[in-house]
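Have a look at the structure below, and let us walk through it together.

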Amino acid sequence: MVDRIAFIFVEALQAMRRNVTMSIAAISTCGLALFLLGGISLVYVALDSWGQSLSGKFEMRAYLKDGVKPPEISKVAGEIRSMPGVKAVFWIPRDKAWEREKVKYPKEVSQGLENPLPDAFKIVLSDLNQADAVEQSVQRLPQMDPQNPIQYLKAEQELVEQSRSFLRWLAGSLGALLLLTAGVLIYNAIRMTVFSRRKEARIMRLVGASLFTVRVPYMIEGTLHGLAGGALACFLLWACQLSLQNRLEAFTALGQLPPFPAGAAFLVLGGIGALYGFLASWIALWVPMRS
Amino acid sequence: MPARPYIEYRDVHVVYSNGVKGLDGVSLQIQRGEFVFFVGETGAGKSTLLKLLSREEHHCEGEVRLDGQELSDFSEYNLHRLRRQMGVAPQDYDLLPNKTVWENVAYALRAVGRSRREVFDRVPKILLQVNVAHRADAFPSQLSGGEKQRVVIGRALINEPPLLLADEPTGNLDAAQSEEIMRLLADLNARGTTVLVASHDLPTMEKFSKRIVCLERGKIKEDLGG
């Protein structure tokens, strides 16, 4: 059995060595497609995490009715904090808010004027998608002032969320397109390999080799093409990240790129490449072998 | 009760995709251990008769039986079981140009699942049997037509088959080489192998008193016993 497996693997490797040009073409095309796919994925992940971080920058102001006592305020704050999509809740006492206004607008806020501000909560969101739901839930609380609606940057939040949705859609469709392209390229490479080695295949069949023995080396070859393409894509991404990082070092304000996830990238891209190579070669073998 | 024929064609019709008739109602019986020449002009159907047995060709109507087994019962997935019961020497040699004589035979043995040890044991014997052991390290391009044909026959013997199919084995050979190849096939036949040869090399055939089946336009014109 080991001897048989060894023969099949040696056949696949020898075929790759004999058809070096074809192998290089298949690996590089697959590598390029996976590189673009991986690149888009990394850009998406980076932009998405940036988008997530924006959520914390958006906050709501919710105003309490007059006369709500501190223990009750504390209870309401707890209720709001437990709502989905809420990251933090801060109580802003009316006196403190008034002091701030005085500092901010010393001329406009004349001395001796009575404090018109209500007690309020500053609500920091963890998920922009929940903004509307949080607003409605908070506004429904009996301690909140119905005459004083909640204030937040609704339009801006919607713009950020729409941008993230568009990015998700763009990455998804481009990724699917690139995956399809990679599959077609591997399929073509294996088709050409099958064509260039039809003599070996015919001899094998004529002398009584099973269909399995004839086909499996091609499938191993396709899988190895895909795996090598994945490894190449991983290397290219790492090189790009390194180059970009070196350029960014000059601009400290832009900060640092997150570290390149080499292990995960190899596993994902190599895995996708290998799976694609396997499937594409399986499909490629179906037609010529039947005819 | 007459013995069951080893090979039987029963009212076989073959029509190619372009509408040309390959075989037109051929019925023929061949007993185990026979040596049969299929003779005829190009397109007469002699290669088709061999290819039906190796299932490189499908018949449209009728029955083709080998040792009682209807050949259309073999699917693509178990075709190797049929092919291991026979050796096929195709018309175009089909030797791998980048492998030596030794490697060509070894490759076929490995392809049918023989271990390396078996390969090292069997290849020299096969090459000796077909008298090309002295050319074991030569590449096909360095061989004469007769030597190539011997290697092809040697490769066809890897499964020690009871049946050998040779399609135009002397097609590209001179008279002396043709006779050598026919003698090799006759030797194999003398050891019990059933040999079917498609050929139009009448002068060489006449030197061997074997059964000759003459074909014309897909029909059997004459069946001359040896």
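What follows goes from the contact of the chains to the cores and then to a pair of helices.

Keep in mind that this is a predicted model. A good place to begin is where the two chains meet: 15 residues of chain A are in contact with 19 residues of chain B. On the chain A side, the elements that give two or more residues are α1 (2-18), α7 (198-207) and α8 (211-248) of chain A. Of these, α7(A) provides the largest share, with seven residues. By character, the chain A side divides into seven nonpolar, three polar and five charged residues.

Now turn to the cores. In soluble globular proteins, nonpolar side chains tend to be buried together. Here the largest nonpolar core has 68 residues, and F38(B), V105(B) and L165(B) have the most contacts inside it. Helix α3 of chain B, residues 101-111, gives the most to this core, namely eight residues. If you centre your view on L165(B), you will find that, leaving aside residues up to four places away in sequence, its contacts include L50(B), L53(B), M86(B), V88(B) and L196(B). A second, separate core of 35 residues has L34(A), F35(A), L178(A) and I220(A) among its members.

Finally, consider two helices of chain B, α5 (residues 145-156) and α6 (residues 175-190), which pack at an angle of about 15° with their axes 9 Å apart. Angles under 35 degrees count as roughly parallel, and α5(B) and α6(B) are therefore roughly parallel to each other. The crossing of α5(B) past α6(B) is right-handed. In this contact, G145(B), G146(B), Q149(B), R150(B) and I153(B) of α5(B) meet Q177(B), E180(B), I181(B) and L184(B) of α6(B). These residues divide into three nonpolar, four polar and two charged.

Key: Residues numbered from 1 in each chain as written. Chains lettered and ligands numbered in written order. Predicted model: local features only at pLDDT ≥ 70, side-chain atom pairs only at ≥ 80, totals over all residues. Contact = placed C-beta atoms within 7 Å. Helix = DSSP H or I, 4+ residues; strand = E, 2+ residues; numbered from the N terminus. Nonpolar A, V, L, I, M, F, W, Y, C, P; charged D, E, K, R; others polar. Core = buried A, V, L, I, M, F, W, Y, C linked by C-beta atoms within 7 Å. Buried ≥ 20, exposed ≤ 12 C-beta atoms within 10 Å, placed from the backbone. Axes fitted to C-alpha atoms, helices over the stretch in contact; angles between N-to-C directions. Parallel < 35°, antiparallel > 145°, perpendicular 65-115°, else oblique. Left-handed = near helix turned anticlockwise from the far one by under 90°.
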